[in-house]
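Let's walk through this model the way you might click through it in a viewer, starting from one side chain and working outwards.

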Amino acid sequence: MAVERVDRKTLIGNVVRSGGMAKTVLVSIDTITKHPFYGKYVKRSVNYAVHDEKNESKTGDKVTIISTRPLSKTKCWRLKEILEKAK
C-alpha cells in the first residue's frame with residue numbers, strides 16, 4: 001500500500017537549461033518580495049537542479065517540482081509534472 005507524503009515542498013517554475021547534464025534540468029523559480037527598508041517590490045529568482053528521470057522536459061517548459069532526498073551534491077528536487085510545453 002503506497003502512501004503519499006504530505007510534508008514535501010512543491011514549487012512551480014520554468015526550465016532554463018535542459019541539455020547539459022544527463023537526467024538533470026535547471027528550473028528557475030521567480031518570487032516577488034518587498035524590500036525590508038525601502039518598501040519597493042523586487043523580483044528574485046533562484047535556479048534549482050532538478051532530477052528528470054525520463055529526460056522529457058525541454059527549455060521553456062513550465063513544470064512542478066517536489067522536494068526529495070539528496071540525489072547528488074546539488075540535486076534535492078525532482079520533476080513532478082509538466083504543466084505547459086514550450087512553444
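Lys85 counts as exposed because its relative accessibility is 52%; here buried means under 20% relative accessible area, exposed means over 50%, and partly exposed is anything in between (1.4 Å probe, protein chains only). Before going further, some housekeeping: this is a predicted model, so local features need pLDDT of at least 70 and side-chain atom pairs count only at pLDDT 80 or more, while totals for chains, interfaces and linings use all residues. Residues are numbered from 1 along each chain as its sequence is written, and side-chain values use heavy atoms, with hydrogens and water left out.

**Around Lys85 and Asp61**

Lys85 sits in the segment after strand 5 (75-84). Strands, like helices, are DSSP runs numbered from the N terminus: E with at least two residues for a strand, H or I with at least four for a helix. Skip the neighbours within four places in sequence, and Lys85 is in contact with Glu56 and Asp61, where contact means heavy atoms within 4.5 Å. With Glu56, the Lys85 side chain gets to the backbone oxygen at 3.2 Å. That is a polar contact, meaning a pair of N or O atoms within 3.5 Å; within protein, one must be able to donate a hydrogen and the other to accept it, and residues adjacent in sequence count only if both atoms are side-chain atoms. If you like C-alpha distances, Lys85 and Val63 are 8.7 Å apart in space and 22 residues apart in sequence.

Now for the other partner, Asp61. Its place is in the loop between strand 3 (41-51) and strand 4 (62-67). Is Asp61 buried or exposed? It counts as buried, because its relative accessibility is 1%. Its contacts, again without neighbours within four places in sequence, are Gly13, Asn14, Val15, Glu56, Ile82, Glu84, Lys85 and Ala86. With Ala86, the Asp61 side chain reaches the backbone nitrogen at 2.7 Å.

**Salt bridges**

How many salt bridges does the structure hold? There are two, going by a side-chain nitrogen of Lys or Arg within 4 Å of a carboxyl oxygen of Asp or Glu.

| Pair | N to O distance |
|---|---|
| Glu53 and Lys23 | 3.1 Å |
| Lys85 and Asp61 | 4.0 Å |

The Lys85 and Asp61 pair ties together parts that are 24 residues apart in sequence, because Lys85 lies in the segment after strand 5 and Asp61 in the loop between strand 3 and strand 4. Glu53 and Lys23 form a salt bridge too. Glu53 is in the loop between strand 3 and strand 4 and Lys23 in the loop between strand 1 (10-21) and strand 2, so this pair ties together parts that are 30 residues apart in sequence. Glu53 is partly exposed at a relative accessible area of 47%, and Lys23 is partly exposed as well, at 33%.

**The barrel**

Zooming out, the protein chain has five strands and zero helices, so to speak β-β-β-β-β from the N terminus on. The five strands close into a barrel in the order 1-2-3-5-4, with mixed pairing; two strands pair if DSSP finds at least two bridges between them. From one strand to the next, the twist averages 50 degrees, with axes as lines fitted to C-alpha atoms (for helices over the stretch in contact) and angles running from 0 to 180 degrees between N-to-C directions. Strands of a sheet pair through backbone hydrogen bonds, either parallel or antiparallel.

You can see both senses at strand 3. Strand 2 (residues 24-34) runs antiparallel to strand 3, and eleven bridges join the two. Thr33, for instance, stands opposite Val42 in strand 3. These two strands form a hairpin with six residues between them, and Gly39 in the turn has a positive phi of about 80 degrees. Strand 3 and strand 5, on the other hand, pair in the parallel sense over three bridges. Val50 has Trp77 in strand 5 as its bridge partner, and His51 has Arg78 there.

**Whole-chain numbers**

Along the principal axes, the C-alpha atoms of the protein chain fill a box of roughly 50 × 35 × 25 Å. Of the 87 residues in the chain, 26% are buried. Taking contacts between residues at least 6 apart in sequence, 49% join residues at least 24 apart. The chain exposes about 6,700 Å², and carbon and sulfur atoms supply 52% of that; accessible areas come from the Shrake-Rupley method with a 1.4 Å probe, and for residues only the protein chains shown count as cover.
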